[in-house]
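Me: I'm new to this one and I'd like to go through it step by step. Could you show it to me first?

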Number of protein chains: 2
Amino acid sequence: MDIIISNSSDAPIYEQIVSQIKAQIMSGALAEGDALPSMRALAQSLRISIITTKRAYEELEREGFIESYTGKGSFVKHQNKELVREEYMKQAEQLLTQACEKAHMGGISARELHELLDIIYGGE
Amino acid sequence: MDIIISNSSDAPIYEQIVSQIKAQIMSGALAEGDALPSMRALAQSLRISIITTKRAYEELEREGFIESYTGKGSFVKHQNKELVREEYMKQAEQLLTQACEKAHMGGISARELHELLDIIYGGE
DNA sequence: ATATTGTATATACTCTATATACACATTATA
DNA sequence: TATAATGTGTATATAGAGTATATACAATAT
């Protein structure tokens, strides 16, 4: 279970956990039925409170990615990956929209944006 | 002075004011030496607290865009527009990077992103 | 029984936004 | 010219939402 908490990120800890677990489910690193680390174990390894890991798992449960059972643990549910892909698509679209707004305000052309995009998309 | 506060936006009110005034300075709608609306007048027209407009003006002052004088008002300072343009460029780049991350996670191709970008950039 | 799991309650800190009262500058007017 | 009235920015104290926490509780497995 590779999860990295960045203090420099503006995203709250519980959200960083949520998005990274989602990404691992999407990539197949976590499959249906797999057990997640216990809230305590994850909290300990990340050196954060159990309550924060619980909050992350609650969010994942609310969104239908996992299920938790008292005394047993938390497990990955069956995923409709096409739905998740569309969610990412929406998020990418929103970010692109914001980028375009800034570009307009700064007088940056569509061509410049396309060039930037190629550099960034390829360079990862 | 056209400023629009969106409740659906996740950005705080004072930041919405800051970015819109910045944009108006960049576009030339506000020129060096121009008087901004008084904190009270702006607060009244936006139906928000004076303290919030004050906070926005403080931020603009801190970033060197305006100057405020007790009893007189707030005024636009001289701007180095090239510097501001570069700031927008940086922000656009950051947003593009985030968009590319989401695209990768969702298996969205560079071609799809380029198409999206054209639609969004043109369609504003 | 004991250990491991998830859960619930009460608390603290930061950020956003506010009401209210204060201090300074300009303008109207006596 | 004095001075009251108005308009300007400023400072203090307060409230609410969001994030993160320590600690104690409840259910399950061994």
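Me: Thanks. What makes up the surface near DNA strand C, by kind of residue?

Reply: This is a predicted model, to begin with. In it, the residues of that surface divide into 8 nonpolar, 9 polar and 6 charged.

Me: Which residues are the closest to DNA strand C?

Reply: They are Arg40(A), Ile13(B), Ile51(B), Thr52(B) and Arg55(B), out of 23 residues that surround the strand. Of the atoms of DNA strand C that come within 4 Å of the protein, sugar and phosphate account for 62%.

Me: Which helices and strands each supply at least two residues of that surface?

Reply: From chain A there are helix H2 (39–46), helix H3 (50–62) and strand E2 (73–76), and from chain B helix H1 (13–27) and helix H3 (50–62). The largest share comes from H3(B), with 3 residues.

Me: What makes the pair formed by Lys54(A) and a phosphate oxygen of DNA strand C a polar contact?

Reply: An N or O atom in the side chain of Lys54(A) is 3.0 Å from that phosphate oxygen. The cut-off is 3.5 Å, so the pair counts as a polar contact. Ser74(A) can be checked in the same way: a polar atom of its side chain lies 3.3 Å from a phosphate oxygen of the strand. With Ile13(B), a polar backbone atom is the partner, and the distance to a phosphate oxygen is 2.8 Å.

Me: Why is Ser74(B) called buried?

Reply: Buried means under 20% relative accessible area. Ser74(B) has 6% relative accessibility, and therefore it counts as buried.

Me: Where is Ser74(B), and what is it in contact with?

Reply: Ser74(B) sits in strand E2 (residues 73–76) of chain B. Its side chain makes a polar contact of 2.7 Å with the side chain of Ser68(B). Setting aside neighbours within four places in sequence, the residues in contact with Ser74(B) include Asp34(B), Leu36(B), Met39(B) and Tyr57(B).

Me: How do you know how chain A and chain B are related?

Reply: A turn of 180 degrees and a shift of 0.1 Å along the axis lay chain A on chain B with an RMSD of 0.3 Å. The two copies are therefore related as by a two-fold rotation axis. Both copies use the same surface, as 100% of the contact residues of chain A recur in chain B.

Me: Which residue of chain A comes closest to the rotation axis?

Reply: That is Leu95(A), whose C-alpha is at 2.7 Å from the axis.

Technical notes
Residues numbered from 1 in each chain as written. Chains lettered and ligands numbered in written order. Predicted model: local features only at pLDDT ≥ 70, side-chain atom pairs only at ≥ 80, totals over all residues. Heavy atoms only, no water. Near = heavy atom within 4 Å. Polar contact = N/O pair within 3.5 Å; in protein donor to acceptor, adjacent residues only side chain to side chain. Helix = DSSP H or I, 4+ residues; strand = E, 2+ residues; numbered from the N terminus. Nonpolar A, V, L, I, M, F, W, Y, C, P; charged D, E, K, R; others polar. Least-squares fit on C-alpha atoms with pLDDT ≥ 70 in both. Contact = heavy atoms within 4.5 Å. Buried < 20%, exposed > 50% of the residue type's maximum accessible area, 1.4 Å probe, protein only.
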